[in-house]
Amino acid sequence: MPPCPTATDLLLLSYHSDIMIQCPRGTRDFLPDEMERRRYYENVLRNVAKIFNFRETATPIFEETELFVMRSGPNILNEIYAFKDKGGRDIALRPEMTAPAIRMFVNEMSNEPRPLKLFYFGQCFRYERPQSGRYREFFQFGAELIGNANAETDAEVIALAASMIKALGLKEYKIRIGHIGILRNMITSAGVPSDKLPEVLQKLDKKMYDDARTLLERMNISGDAADNIFKITETVGGKEVLDLVSNEEAAYLRELAGVLEAMGVDDIEIDLGVVRGLDYYTGIVFEAEAPSLGAEKQICGGGSYSLSELFGGEKVFSTGFAIGFDRILLAMEKEGQKFEGRGVDAYVVPVTDDVRLDASKIVSMLRSEGISADIDIMRRKMAKSMKHASAVNAKYAVIVGRNELNENSVTVRDMGTGDQKMIKLNELVSLLR
């Protein structure tokens, strides 16, 4: 016989019974309606990628921590979920998906014919303060074109990003393109040492001009030179802004703009201040923003880069981008975009208990024909079953009664109009289709 519980046991039992476990801070539960919406828009993005002949890949949610340290530097450890596994290995939940994609390329695809056109979708994790549209667990849709650095490859990737945003139905957005070389050359010419360049670029990327000026002053960079650098970072407009800069990077941007125009992508701005703040970018950089999101309005960012040599491969130039899936969905909401769930094609309602087996046969027949169908399994009365059919957004209710079955028929009600008619069972599938 088990021992009687002590007063402490009872107290603990009472305490634990009052606890409601919540999902961790910075994460969310997605209920069925929201998941339907998310899956629909995920597939919109997938379909656009496939139209451009990009192919889907997937990499592990966790990788060796060193992969992200090599890509972003040791400071990344302050921003990610990094830990030792039970084997003592240093592991991190991925904070982004470019490094895993290039690691996969080096490991398994370096001998594949080029260009390699890849896309992916998945969860990423960062330990940062949650706020509107930003979570510790978030979702990225991204693409990488691995092969060569030229205007056509860069244009292909930017056109893909633009087509994805357009296909989602976002109305207000801007795509800004620049070239990291313009600003880098200016900063280097001003006298900034190469090892300090990434730190300066990061400040400029975040428009932290006071901090950037302090950094430049410590390096004995003149105030006039600093002002010229800041002026360039705020230079935005059409192709005419490239007249302010005379170098091969500006000429490249002109060529790129021409290719994009030929591809029908004409809603872009030249922004010489698009920095992206990461030192592995080698050429063009671009961002997309949605004004409806306010100050934190970036929904997409990318550029051309070289990472493969960091991970033990040959030097290969790539162009890629990542779309913040959560943020772009939020922007669509703020614009008032509504999503109508598909609902079920048919909801089968047995009128009486003696026809429930017949109703089960009918719902099974509909499903075998590829028609989404559900059936009352709560043994409700007919009126409540019809109310439930409306609640689950059924297009049709298939009402199964004994008198109708005796005539090898059922009654079908259009839940939108309320019209109903009796039809033969052998006509049911063609009607619902």
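Below, a trainee asks a mentor about terms used for this predicted model, and each value is set against its definition.

Trainee: What should I know before reading the values?

Mentor: It's a predicted model, where local features need pLDDT of at least 70, side-chain atom pairs count only at pLDDT 80 or more, and totals for chains, interfaces and linings use all residues. Residues are numbered from 1 along each chain as its sequence is written, and side-chain values use heavy atoms, with hydrogens and water left out.

Trainee: Why is the protein called more spread out than a compact globule?

Mentor: First the inventory: the secondary structure comes to 15 helices and 17 strands, where helices (H or I, at least four residues) and strands (E, at least two) are DSSP runs numbered from the N terminus. The radius of gyration, taken over C-alpha atoms, is set against a globule rule of 2.2 Å times the number of residues to the power 0.38. For 433 residues that rule gives 22 Å, and the protein comes out at 29 Å, well over it, so "more spread out" is the right call. Along the principal axes, the C-alpha trace spans about 95 × 70 × 45 Å.

Trainee: What makes Leu272 buried or exposed?

Mentor: The cut-offs are relative accessible area under 20% for buried and over 50% for exposed, with partly exposed in between (1.4 Å probe, protein chains only). Leu272 has 2%, so it's buried. This residue lies in the loop between β9 (268-271) and β10 (281-289). Across the protein, 47% of the 433 residues count as buried.

Trainee: Which residues does Leu272 touch?

Mentor: Contact here means heavy atoms within 4.5 Å. Leaving out residues up to four places away in sequence, Leu272 touches Ile182, Ile232, Thr233, Thr235, Val241, Leu242, Val245 and Leu253.

Trainee: Why is strand β13 called mostly covered?

Mentor: β13 covers residues 346-350, and 5 of its 5 residues are buried. Take the two faces: Ala346, Val348 and Pro350 sit on one side, Tyr347 and Val349 on the other, and all are buried.

Trainee: How do you know that β13 pairs with β14 and β15?

Mentor: Two strands pair if DSSP finds at least two bridges between them. β13 has 3 bridges to β14 (residues 373-375), running parallel, and 5 bridges to β15 (residues 396-400), also in the parallel sense. Both counts pass the test. As example partners, Ala346 goes with Ala373 in β14, and Pro350 goes with Val400 in β15.

Trainee: What handedness does the crossover from β13 to β14 have, and what does the word rest on?

Mentor: β13 and β14 are joined by 3 bridges and run parallel. The chain goes from β13 through helix α12 (residues 356-368) to β14, and this β-α-β crossover is right-handed. That label means that, with the strands pointing away from the viewer, the path from the first strand over the helix to the second runs clockwise.

Trainee: What makes β2 and β3 edge strands?

Mentor: They belong to an open sheet of 3 strands, ordered β2-β4-β3 with antiparallel pairing. β2 (62-64) and β3 (82-84) each have a single partner strand, so one side of each is left without a neighbour in the sheet. β2 is joined to β4 (residues 90-93) by 3 bridges, with Glu64 standing opposite Ile91.

Trainee: How does helix α3 lie relative to β2?

Mentor: Axes are lines fitted to C-alpha atoms, for helices over the stretch in contact, and angles run from 0 to 180 degrees between N-to-C directions. By that yardstick, α3 (residues 65-72) runs at about 75° to β2, lying across β2, β3 and β4. Thr65, Leu67, Phe68, Val69 and Arg71 are the helix's buried residues, and they pack against β2, β3, β4 and α4 (98-109). Gly73 follows α3, with a positive phi near 95°.

Trainee: Why is the pairing in the 9-strand sheet described the way it is, and which strands are at its edges?

Mentor: That open sheet runs β1-β5-β6-β12-β11-β10-β7-β9-β8, and the pairing is mixed. Its edge strands are β1 (55-56) and β8 (236-237), each pairing on one side only. One antiparallel pair is β10 with β11 (residues 298-305), joined by 6 bridges; Phe286 stands opposite Gly302 there. Helix α2 (residues 32-51) packs on this sheet, touching β1, β5 (116-125) and β6 (137-146), and its direction makes about 160° with that of β5. Helix α11 (residues 325-334) packs on the sheet as well, touching β5, β6, β11 and β12 (318-324), at about 50° to the direction of β12.
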